[in-house]
There are 2 protein chains.
Amino acid sequence: MSLQSLFYPRGVAVIGSSSQGKLGYQLIRQLVGGGYRPVYAVNPAGKGVPAAQGLSGVPGYSSVTCIPQPVDLAVVVSPTDTVPAVLEDCGQAGIKAAVIITAGFSEVGNQAGEAEVAEVARRHGIRVVGPNCAGIVNTRHKLTPTLETLPPAGSVSLIAQSGAVAGVVLAWAKEFGLGISKFVSYGNGADLREVELLRYLADDPDTDVVALYIESVSDGRAFMEAAQHCTRRKPLVVIKAGRTESGQRATLSHTGSMAGADAVYDAALQQCGAIRVGTVEQMFDACKAFSTLSPLAGDRVVIVTNSGGPGVMAADWAEEIGLNVAEPSPAAKDRLAEFLPPHCAFKNPVDLTVEGTEDGYRRTILALVEEYDAALALNIAPAYLDSVPLAHGVCDAAEQSGKPVAAAFLPAQIVKEAVPYLESRGIPSFATGERAVSALGHMARHQARQKSWRPLASPEPEQQIPGLLPGSGQMLEHEAMDWLKANGLPVPEYRFAPTLEKALQECGEIGYPVVMKVVSPHILHKSDLGGVVLDIQDNAAAETAFSRLQQAAAGRDFRGAIIYPMIRGAQEVLLGLSRDPQFGPVVACGLGGVYTEVWHDIVLRVAPVDKQEARSMIGELKSLPLLQGARGELPCDLDALAGLLAEFSQLPFRYPDIGEVDLNPVFVFSKGLVVGDVRIINRSK
Amino acid sequence: MSLQSLFYPRGVAVIGSSSQGKLGYQLIRQLVGGGYRPVYAVNPAGKGVPAAQGLSGVPGYSSVTCIPQPVDLAVVVSPTDTVPAVLEDCGQAGIKAAVIITAGFSEVGNQAGEAEVAEVARRHGIRVVGPNCAGIVNTRHKLTPTLETLPPAGSVSLIAQSGAVAGVVLAWAKEFGLGISKFVSYGNGADLREVELLRYLADDPDTDVVALYIESVSDGRAFMEAAQHCTRRKPLVVIKAGRTESGQRATLSHTGSMAGADAVYDAALQQCGAIRVGTVEQMFDACKAFSTLSPLAGDRVVIVTNSGGPGVMAADWAEEIGLNVAEPSPAAKDRLAEFLPPHCAFKNPVDLTVEGTEDGYRRTILALVEEYDAALALNIAPAYLDSVPLAHGVCDAAEQSGKPVAAAFLPAQIVKEAVPYLESRGIPSFATGERAVSALGHMARHQARQKSWRPLASPEPEQQIPGLLPGSGQMLEHEAMDWLKANGLPVPEYRFAPTLEKALQECGEIGYPVVMKVVSPHILHKSDLGGVVLDIQDNAAAETAFSRLQQAAAGRDFRGAIIYPMIRGAQEVLLGLSRDPQFGPVVACGLGGVYTEVWHDIVLRVAPVDKQEARSMIGELKSLPLLQGARGELPCDLDALAGLLAEFSQLPFRYPDIGEVDLNPVFVFSKGLVVGDVRIINRSK
C-alpha cells in the first residue's frame with residue numbers, strides 16, 4: 001500500500017481543540033504558514049481558526065465526516081481516550097492516513113489503548129504515524145503537520161523514532177541550511193515503523209539521502225532487507241542509540257522495547273551497507289556531504305589550506321579514519337611550483353599560507369583533483385581579510401573540475417558571508433576541518449561498499465520438515481561430531497570408547513600419538529577439570545590417560561572417552577553461532593583463547609553469510625596477520641576457513657532448534673582444516 | 001626575568017606605517033578601541049593617527065627614542081629588513097618587550113635575519129614575542145596588540161604556536177562567550193617560547209586555565225617540567241598537532257617502528273598531567289568547563305534530560321570515555337518518586353520527558369548530586385516551549401548544591417535566551433550532550449591526576465665521568481649480559497663458549513636442559529637464521545646444537561655459543577629503551593611477540609620512571625590480564641617487573657652513549673624475573 005495519502009494528501013484535517021494556545025491551533029498555524037491548503041479544524045464545537053498575522057483562516061467542523069471536500073490525512077491531537085473514536089470517524093470519512101501526535105499510549109503502559117488504535121486503523125485501512133510522535137514534513141508538498149522547526153526544502157529525508165532527535169535535526173537543518181525532503185517521527189510505531197518508511201523513501205524520487213535514528217528495530221531481518229533496498233539506491237545514514245550498557249538500560253526504559261546487543265546492530269548495518277554514525281552532529285555532516293557532493297571515486301583526499309596547524313590536524317584525522325592523504329606526485333608538485341610562491345608547502349595539506357589568494361585556491365585545487373578523488377578547502381579566516389574571494393576560487397575549481405570539493409571556512413563569525421556564498425554554489429562548508437574530513441570519510445566508505453555490493457546471503461530453502469538436533473539434551477561430544485559430519489563439516493578421525501579396553505583398541509587403530517577427552521553430560525569445561533590428555537604416545541600412556549579421565553569425572557555421569565589423533569602445526573580458530581532477539585542467528589569468527597578473551601578480537605555477522613562475506617569477516621580480524629603466516633609460519637588455508645564459515649552459518653536455518661554452537665578450536669592448516677571440539681546448546685533446553 | 005613589561009606595559013609604541021589600511025593603523029585602532037592608553041605611532045614620517053569614529057587619536061614620532069613618556073612595549077609591523085634597527089632603537093629607549101608581527105624570517109628561510117633579531121634583543125635585554133606572530137592580548141590590562149578578534153575577558157589563557165589556531169579560538173571565544181585572560185601567539189619563537197610562557201601563566205594569578213597549541217617543542221624535558229609546574233597549579237589543555245605525520249620515529253630495534261614520535265608526546269603530556277585534546281572544539285569545550293565549574297570529586301555523572309534519545313546517546317558516550325553513569329541508588333529513586341510523575345525514567349539518564357518542569361529539573365538535580373560528582377542537564381528544547389524557566393531550575397540546583405552542573409541546552413536557534421541566561425549564572429552550556437560529557441570527562445581525569453600527583457622521576461645524579469658502554473661496536477650477547485649484571489639487572493646463569501669442548505663443559509656445569517645461541521657480531525636476528533637451539537637434553541644434543549650454530553653462522557664471524565639454562569613457565573615481557581629527538585631517552589614495556597607486532601600493545605614513558613610510574617605503565621597494558629594470571633596460571637611478579645623497569649629506565653643517564661636497548665624477552669615468574677636476551681645499540685655507531 002502506497003503512502004501517497006500520508007505524504008501528498010488532497011486535504012488535511014487537524015483534530016483537537018483549535019483554541020489559541022492549544023496544540024491544534026499551533027498545528028493549523030504551522031500548516032497554513034507553511035503554505036499548505038486546504039486545512040480543516042475538527043473539534044466538538046466545530047470551531048475554525050480565524051485569519052491572523054497575514055495567515056488565512058481555516059473552517060471548523062464538529063466531525064471529519066462533515067467536511068464536504070476530500071480529506072486524505074488526519075492529524076490527531078485530541079485527548080488520548082478520544083483517539084479510537086476519532087479514527088472510526090476518519091474511517092467513515094474515507095481518510096486513508098493519520099498522524100497521531102497525542103501521547104498516553106504504550107509509552108506510559110497503556111498498551112490496550114494503543115492496540116485499539118491499531119485495530120481501528122487496520123479495519124479501515126488507515127495508515128498511522130504515531131501515536132506519541134512529533135509529526136511529519138514533506139517540503140515538496142508544503143506539508144508541515146509538526147510542532148518542530150520547519151526546515152528548508154531539499155533532498156535529505158529523515159526517519160526518527162525519537163521526536164526530540166528529530167526536533168534537533170530540523171532546527172539544525174534550518175540553522176545550517178540542510179535541505180529536507182521528508183521527515184517522519186513515528187513515535188510508538190503502532191502501524192508504520194522504520195521498515196516500511198525506509199522502503200518508501202528508498203524509492204522516493206524526491207529523496208537522495210535517507211537518515212534514520214533508531215533505538216531498536218522490531219524485525220531485524222526485515223529491517224536489513226529494507227536497508228539494503230535503500231543503500232542500493234541512495235546513502236543511508238543511521239544513528240542507533242544505546243551503544244553501551246548504560247545507553248541500553250536507558251533505551252529499555254525509554255521505549256519499553258528490548259534492544260539487541262549493539263555489536264549485532266553494528267554487523268547488521270555494515271552488512272546492508274548503511275553508514276553508522278554516533279551523534280546527531282555526525283549525521284548532519286554526513287547528510288550534508290551526501291546531498292551536495294558527487295560520489296568519491298576512491299579514498300584519496302587532498303587538503304588545501306591557508307593555515308599550517310589546522311591543516312595538519314585535519315590530515316591527522318583523515319589518516320586516522322582511513323582516508324589516503326598521500327603527498328601529491330612530483331609532477332603535480334611541479335605544476336604547483338609554476339604558480340605558488342616557494343614558501344608554500346607542497347605536501348598534503350598544501351599550505352597556501354595566510355597570503356593564499358582566490359587564484360591560489362582555484363589553480364591548486366584544479367591541479368590536484370586530477371590525481372585525488374576529493375579536495376577539502378580549509379580556510380581559517382583572519383578577521384582582517386575578506387574570505388569571499390577565496391570561496392570564489394574554491395567554487396570555480398569545483399565547477400570546472402566536476403570533482404567533489406568540500407569546504408571548512410571558519411570561524412563562523414568571520415566567514416558570515418563566505419559560507420552562504422559557498423553553499424549557494426553547491427559547496428558544503430563544515431564547522432571544522434575534522435568534521436569535513438569525517439563526512440568525506442563516510443562518502444568514501446559508502447562508495448567502496450557500492451563497488452562491492454551484492455545481495456544479502458539467503459538462508460537455504462526451508463526443508464519440508466525442519467531438521468531436529470539429535471538427542472534430548474546437550475549432545476555428547478561424539479554425538480555432536482557425528483552430527484557435524486552428517487552435515488558435511490570437516491571433522492578429524494574420532495572414536496568413542498566407553499571402556500578402557502575399547503579405548504586401547506581405538507588408540508591403536510587411530511595410531512599414536514593421540515588425544516583423549518572425557519565424555520560426560522555433566523562436564524562442560526573439560527580442560528578445567530583435567531578431562532583432556534594430549535600427546536598420548538603408547539598403550540601405557542593411554543591406560544594412565546583413561547584412568548585420569550575417570551578421576552576427572554568422579555561423582556559425575558562418566559560415559560567414556562573420545563579419542564582423536566594428536567594435531568600439531570595448526571592455527572586454532574573459533575567459530576560460533578548464537579541467536580539475537582532482533583536479528584536471529586548470528587555467526588562469529590575469532591582466534592579463540594586470549595585473542596577473544598583479552599582482545600575481544602571477534603567479528604560478527606547476521607547469519608547466513610556467503611563465502612565472500614565470510615572472507616571479509618576473516619579480513620576484519622585484527623589478528624589476521626597470524627592467520628596469514630606472521631613470524632615465518634605458513635599461511636593458513638583461509639579459503640577453506642571461509643568455506644566452513646559460510647557452511648556453518650547455514651546450520652541454524654536447517655536446524656531451527658539450535659540455540660548456540662561453538663566450534664572451538666577449529667584447526668586450520670596450510671591446506672585444509674578440521675573441527676577440534678564442538679559444543680551445541682539446544683534452543684528449547 | 002619577569003614578563004611584566006610585556007603584559008602590563010606603561011605605554012605601547014606601534015612601529016610601522018600608520019597610514020589608513022596599513023597594519024600599523026589597524027593595530028593602533030584595535031589598541032585604542034580596546035581601551036588601552038597611551039599608544040604612540042612610530043614611523044619615518046612621525047605620522048600619528050587622528051581621532052575617528054569615536055576613538056581618540058594617537059601622536060606620531062619618527063623613532064621610539066623621541067617619545068617623552070615611558071614606553072615598555074614595542075609592537076613591530078615595519079618591513080622585515082628594518083626590524084633589527086628598530087630593536088636597536090627600542091634598546092636605546094629602554095623598552096623591555098617587543099611583539100614582532102612582521103614576517104619574512106626563518107619561516108621563509110631567513111634564519112640569518114631571525115638570528116640578528118635575537119642577538120639585538122638579547123644584547124638589550126628585550127623580551128621578544130615573534131617574529132611572524134599574531135600578537136598578544138591581556139584583557140586585565142585592556143592590552144590588545146593583535147589583528148585577531150578581541151575576546152571577552154575571563155580566566156583562560158592561551159598560548160599558540162600557530163596564529164591561525166589562535167585566531168579561531170579568539171573568534172570562537174567571542175562567539176560563545178569564553179573569557180580570556182592572556183593570549184600569546186609566539187610565531188617563530190626567536191626568544192619567548194612555550195616553556196617560559198607556560199611557567200609565567202602557571203604563576204599568573206589572573207589565569208585559572210592554560211590552553212596550549214603546539215606543533216613541536218624544542219626542549220622536551222624543559223617543557224615537561226614547565227607543564228608539570230603548571231598542572232600542579234591549574235589545568236593545562238594541550239593540542240599537539242601532527243599526530244600521524246611524524247618525520248622522526250622512535251623505533252625499538254627488534255620490532256621496527258612500534259611507536260611514532262607522537263606516542264612520545266602522548267606519554268610526556270600524560271606524565272606531566274596535561275589534558276591532551278584533538279581539536280580546537282574540544283580545547284574550547286574543556287577550557288569552558290574548567291573555567292566555570294568547580295572540580296569534580298570523582299567520576300560519577302548523572303544526566304538529567306527532557307528527552308530519551310539524546311539522553312541515551314550522551315550516556316553511551318559517557319560510558320565510552322570512562323565516566324561512571326551508574327543508576328541512582330534505590331533511596332535516591334524513592335526521593336525522585338516523591339515529586340516526579342511515574343512515566344519519568346528514574347535511571348541514568350533521568351528522563352523528565354517533554355513535560356519536565358523548572359521544579360522537576362531543580363529538585364531532580366538537587367536530589368541526585370548528593371550521590372553523584374556532577375550533573376549534566378540535557379534539554380532538547382521544542383520550538384513551542386520556553387526553556388528559560390528550565391534553565392532557572394538548573395541554575396538554582398547548581399547554586400544550592402555547590403556541585404558542578406553542566407548544561408547542554410539545544411538546538412541553539414531555539415535556546416537563544418536560555419543559554420545566555422545559564423551562562424550569566426555560571427553554568428556552561430555545550431553544543432551537544434556528547435560535547436558536555438567530554439568536557440566533564442576531562443575534568444574528572446584532571447582531578448584524578450591531581451590526587452595521584454607526584455613529581456617527575458629524576459635521572460640519577462650524573463657521574464663525574466659518565467659511564468661508557470664496553471666494546472667498540474655492537475656488544476656481543478655475553479658482553480651485554482656482563483654489562484647488565486654489572487648494573488644490577490637480574491640475568492640468568494650464562495656461559496660463553498668459543499669452542500665445542502668448552503661448550504660441553506659449560507653445559508655440564510649449568511646442568512641440562514640448556515639453551516644454546518650463536519655468538520657473532522654479524523648476526524642480529526639469531527632465531528631467523530636458526531641460531532637458537534632450545535631444550536638441549538644431553539651431551540649428544542649439545543654437540544649437534546653447537547654444529548648447527550656453526551652452520552647458522554657460515555660465512556660470518558663465528559665467535560662461539562652462549563649457553564643458558566632452559567627456562568619454562570614464565571611470561572615473556574619486552575622492555576625497550578630508545579631516544580626521541582625532543583624528549584631524549586624513552587622507556588617502553590610490552591608483552592613482545594605478536595602482542596607488540598599485531599596488537600601494538602606497548603606503553604611508553606619519557607625516562608626515567610620511578611617504580612610507581614612503572615606500575616602504572618604495566619597497568620595500562622591491554623594484555624595486563626595475561627600478566628595477572630588469566631587462564632588459570634599464576635600471576636606474574638609485577639612488583640619485580642616494575643622494579644626492573646624503573647632500574648632499566650635509569651641506564652641512559654648513567655651511560656649517555658646508549659642509543660637503544662631491548663630486553664626481549666624478560667622472563668617473569670610468579671616470583672622474580674630474569675632477562676632472557678638483550679640487544680644494545682651504541683648511540684655513536
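**Entry 1: Phe7 and Tyr200 in chain B**

I looked up Phe7(B) and noted that it counts as buried, at 0% relative accessibility. The model is a predicted one, and I read every entry here in that light. Tyr200(B) is also listed as buried, because its relative accessibility of 17% falls under the 20% limit for that class. I then examined the two rings together: the centres of Phe7(B) and Tyr200(B) are 5.0 Å apart and the planes stand at 20°, so I recorded the pair as stacked. Phe7(B) belongs to helix H1 (residues 4-7) of chain B and Tyr200(B) to helix H6 (residues 194-202) of chain B, so that the pair links distant parts of the chain, 193 residues apart.

**Entry 2: the corresponding residues in chain A**

I searched the whole structure for aromatic pairs and found 12 over all chains. One of them joins Phe7(A) and Tyr200(A), whose ring centres lie 5.0 Å apart with planes at 20°, so this pair is stacked. Phe7(A) is in helix H1 (residues 4-7) of chain A and Tyr200(A) in helix H6 (residues 194-202) of chain A; the pair therefore ties together parts 193 residues apart in sequence. I noted Phe7(A) as buried at 1% relative accessibility, and Tyr200(A) as buried at 16%. Phe7(A) has a further partner: the charged end of Lys182(A) sits over its ring, 5.8 Å from the centre.

**Entry 3: a lysine over a tyrosine in chain B**

I also recorded Lys240(B), which lies over the face of Tyr265(B) at 4.5 Å from the ring centre.

**Entry 4: two helix pairs in chain A**

Two packed helices are described by the angle between their axes and the distance between the axes. I took helix H13 (residues 358-369) and helix H14 (residues 388-401) of chain A, which pack at about 25° with axes 7 Å apart. H13(A) and H14(A) are therefore roughly parallel, and their crossing is right-handed. In the contact I noted residues of H13(A), including Tyr361(A), Ile365(A) and Leu366(A), and residues of H14(A), including Leu390(A), Val394(A) and Ala397(A).

I then took helix H18 (residues 500-510) and helix H19 (residues 539-552) of chain A, where the angle is about 140° and the axes are 10 Å apart. H18(A) and H19(A) are therefore oblique to each other, and they cross with right-handed sense. Leu500(A), Ala503(A), Leu504(A) and Cys507(A) of H18(A) meet Asn539(A), Ala542(A), Glu543(A) and Phe546(A) of H19(A).

**Entry 5: Gln30 in chain B**

I located Gln30(B) in helix H2 (residues 23-33) of chain B. Leaving aside residues up to four places away in sequence, Gln30(B) touches Thr144(B), Thr146(B), Leu147(B), Glu148(B) and Leu150(B). The C-alpha atoms of Gln30(B) and Leu55(B) are separated by 9.9 Å, with their places 25 residues apart along the chain.

**Entry 6: backbone details**

I found a cis peptide bond between Asn348(A) and Pro349(A), with omega about 10°; Pro349(A) is in the loop between strand S14 (345-346) and strand S15 (350-351) of chain A. Another cis bond joins Gly130(B) and Pro131(B), with omega about 0°. Pro131(B) is in the loop between strand S6 (127-129) and strand S7 (135-138) of chain B.

Lys142(A), although not a glycine, has a positive phi of about 50°, and it counts as partly exposed at 48% relative accessibility. Thr353(B) likewise has a positive phi, near 65°, but is buried at 15%.

Terms used
Residues are numbered from 1 along each chain as its sequence is written. Chains are lettered from A and ligands numbered from 1 in the order in which they are written. This is a predicted model: local features need pLDDT of at least 70, side-chain atom pairs count only at pLDDT 80 or more; totals for chains, interfaces and linings use all residues. Side-chain values use heavy atoms; hydrogens and water are left out. Rings of Phe, Tyr and Trp (its six-membered ring) pair if their centres lie within 6.5 Å; planes under 30 degrees apart count as stacked, over 60 as edge-to-face and the rest as tilted. Helices (H or I, at least four residues) and strands (E, at least two) are DSSP runs, numbered from the N terminus. Buried means under 20% relative accessible area, exposed over 50%, partly exposed in between (1.4 Å probe, protein chains only). A charge sits over a ring if NZ of Lys or CZ of Arg is within 6 Å of the ring centre and within 35 degrees of the ring normal. Axes are lines fitted to C-alpha atoms, for helices over the stretch in contact, and angles run from 0 to 180 degrees between N-to-C directions. Angles under 35 degrees count as roughly parallel, over 145 as roughly antiparallel, 65 to 115 as roughly perpendicular and the rest as oblique. A crossing is left-handed if the near helix is turned anticlockwise from the far one by less than a right angle, and right-handed if clockwise. Contact means heavy atoms within 4.5 Å.
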